[in-house]
Amino acid sequence: FFLVDDLGLMDTSVPMLVDKAGNPVRHPLNDWYRTPNLERLASQGIRFSDFYAHSVCSPTRISIMTGQNAARHRTTQFISPRGKNTGEFGPEAWNWEGLSSESVTLAGLLRDSGYRTIHVGKAHFAPPGHEGEDPLTLGFDVNVAGAAHGQPGSYFGEDGYGNLSLNPNRK
């Protein structure tokens, strides 16, 4: 399973685009990158040529976590760490609060089946002050660097390693 933020079609050393006959088409940008694990998978016959993406990160993450598309989970915009960001013309039915502890998530299902679940990196599942701000409320047993504002302030252990938050009330 791969979740990559802002990966372009030619941002790997493996050509992902194919011609009408299904043959990979190499582009100059493929020579710029080195992605040895994708090269190994491609050599075994696994090539990723179909993609599903939202225009921003929060709907993608919530779709992966819930198995629902954006029309169902209703998060169609990035979740702002500064509050409701629908704006003057934004849809009122939009789920700007993201996930909560009541959400059925892949991490929760895996944890309930006996797997140890770990979240590492950008979270951005809910705004500060909401349950989903903390990946531990969504089924993860360990959280390294996940927070409401998306990315951590730092990946260095001495700087908090995920225990920092934009929410001053969170300990």
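Which residue follows H2, and what is the sign of its phi? Select Gly67: this glycine comes after H2 and has a positive phi, near 80 degrees. Keep in mind as you click around that this is a predicted model.

**The whole chain**

Zoom out and colour by secondary structure. You should see four helices and two strands, running α-α-α-α-β-β from the N terminus. Of the 171 residues in the chain, 36% are buried. Switch on a surface and you have about 10800 Å² exposed, with carbon and sulfur atoms supplying 54% of that area. If you like contact maps, take the contacts with a separation of 6 or more: 47% of them link residues 24 or more positions apart.

**Helix H2**

Now select residues 57-66, which is helix H2. Eight of its 10 residues are buried, so the helix is mostly covered. Show side chains for Cys57, Ser58, Pro59, Thr60, Arg61, Ile62, Ser63 and Met65; these are the buried ones. What do they pack against? Add 70-73 and 106-112 to the selection: helix H3 and helix H4 are the partners of H2's buried residues.

**The largest core**

Keep Ile62 and Met65 on screen and add Ile79, Leu99, Ala107, Ala123, Phe125, Leu138 and Phe140. Together these nine residues form the largest nonpolar core. Next, centre on Phe125. Beyond its neighbours within four places in sequence, Phe125 touches several fellow core members, including Ile62, Met65, Ile79, Leu99, Leu138 and Phe140. Other contacts of Phe125 include Arg61, Glu97, His119 and Pro135. There's also a second, separate core, with five residues; Val14, Leu38, Leu41 and Ala42 are among them.

**Ser13**

From Val14, step back to Ser13. This serine sits in the segment before helix H1, which spans 36-43. Is Ser13 buried or exposed? Its relative accessible area is 4%, and anything under 20% counts as buried, so Ser13 is buried. Draw a distance from its side chain to that of Thr35 and you'll find a polar contact at 2.9 Å. Apart from neighbours within four places in sequence, Ser13 is in contact with Arg26, Asn30, Tyr33, Arg34, Thr35 and Glu39.

**Thr137**

Jump to Thr137, in the loop that runs between strand S1 (118-120) and strand S2 (142-144). With a relative accessible area of 31%, Thr137 is partly exposed. Which backbone oxygen lies 2.6 Å from a polar atom of the Thr137 side chain? It belongs to Glu131. Setting aside neighbours within four places in sequence, the contacts of Thr137 are Ser101, Glu131 and Gly132. Try one more distance here, C-alpha to C-alpha, from Thr137 to Ser100: you get 7.3 Å in space for a pair 37 residues apart in sequence.

**Out to the surface**

Last stop: select Leu106, Leu110 and Tyr115. These three make a nonpolar surface patch of about 290 Å². Leu106 belongs to helix H4, one of the helices that H2's buried residues pack against. Why is Leu106 called partly exposed? Because its relative accessibility is 42%, which falls between the 20% and 50% cut-offs. Put Leu106 and Ala107 up side by side to finish: Leu106 helps make the surface patch, while Ala107 is part of the largest nonpolar core.

Notes: Residues numbered from 1 in each chain as written. Predicted model: local features only at pLDDT ≥ 70, side-chain atom pairs only at ≥ 80, totals over all residues. Heavy atoms only, no water. Buried < 20%, exposed > 50% of the residue type's maximum accessible area, 1.4 Å probe, protein only. Polar contact = N/O pair within 3.5 Å; in protein donor to acceptor, adjacent residues only side chain to side chain. Contact = heavy atoms within 4.5 Å. Areas by Shrake-Rupley, 256 points an atom, 1.4 Å probe, with all protein chains shown as cover. Core = buried A, V, L, I, M, F, W, Y, C linked by side-chain atoms within 4.5 Å. Patch = residues over 30% accessible without salt bridge, like charges linked within 9 Å, V, L, I, M, F, W, Y side chains within 5 Å. Salt bridge = Lys/Arg side-chain N within 4 Å of Asp/Glu carboxyl O.
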